[in-house]
Amino acid sequence: MQIIPATAQEMEAVYSLICQLEEQTLCPADFERIYLQNLQNPAVCYLLCKDQGETLGFCSLHIQSLLHHAGKIAEVQELVLCPRARGSGAGRALMEAAKQKARQEGCLQIEVCCSLRRQDAHQFYEHIGLEKSHYKFTAPLIPV
């Protein structure tokens, strides 16, 4: 198993994983535009967990300078594994790589964005040492 930066060549595998995570088929053209745009953004880091050429998981790390921290914070926006990779250490490896990148960028802390419905993911994050310390409130802005 290895953790590597994602490239444009892995877009299809990442698309499949993100659709799995969101439990819906996302617009491929919109996904492609955003994926390729974010690959060029130095504040976004896309990581893949691969094993013998197969993509097992994906993690997106977004870095922002926030006033309320007076410094840089890294946030994992997406972390998803293919079903066969769960329990294999792939998720832990992706999070460790994300933490390492955040440290290299001088971030004060790492945060994870996770839906309330993903109870297994909550247990995973707590198991690897993250603390449930924030609430996130959302509201749709355009009809879906």
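## Cysteines, two residues of strand β3 and the second largest pocket

The count of disulfides (pairs of cysteine sulfur atoms within 2.5 Å) comes to zero. The structure is a predicted model, in which local features need pLDDT of at least 70 and side-chain atom pairs count only at pLDDT 80 or more, while totals for chains, interfaces and linings use all residues. Residues are numbered from 1 along each chain as its sequence is written, and side-chain values use heavy atoms, with hydrogens and water left out.

**Cysteines**

The table gives, for C19 and C82, the closest cysteine sulfur and the relative accessible area. Buried means under 20% relative accessible area, exposed over 50%, and partly exposed in between, with a 1.4 Å probe and protein chains only.

| Cysteine | Closest cysteine sulfur | Relative accessible area |
|---|---|---|
| C19 | C27, 10 Å | 12%, buried |
| C82 | C49, 8.7 Å | 11%, buried |

C19 forms no disulfide because the sulfur of C27 is too far away for a bond. The sulfur of C82 is likewise too far from that of C49 for a bond.

**Strand β3**

Helices (H or I, at least four residues) and strands (E, at least two) are DSSP runs numbered from the N terminus. Strand β3 covers residues 54–66 and contains S60; H62 also lies in β3. S60 is buried at 0% relative accessibility, and H62 is buried at 17%.

The side chain of S60 makes a polar contact with the side chain of E78 at 2.3 Å. A polar contact is a pair of N or O atoms within 3.5 Å; within protein, one must be able to donate a hydrogen and the other to accept it, and residues adjacent in sequence count only if both atoms are side-chain atoms.

Contact means heavy atoms within 4.5 Å. Leaving aside neighbours within four places in sequence, S60 is in contact with C45, Y46, E75, V76, Q77 and E78. With residues up to four places away in sequence not counted, H62 touches N38, A43, V44, I73, A74, E75 and Q77.

**Second largest pocket**

The second largest pocket holds about 220 Å³ of space. Its lining consists of V14, I18, L26, D30, F31, I34, Y35, N38, Y46, F58 and E78. A pocket is an open set of points on a 1 Å grid over the protein atoms alone, where a 1.4 Å probe fits, with protein on both sides within 12 Å along at least five of seven lines; lining residues have an atom within 4 Å of a point.

Helices α1 (11–22) and α2 (28–39) each supply at least two lining residues, and α2 gives the largest share, five residues.

Technical notes. Grid points are joined across faces, edges and corners, and a volume is the space filled by probe spheres set on the points.
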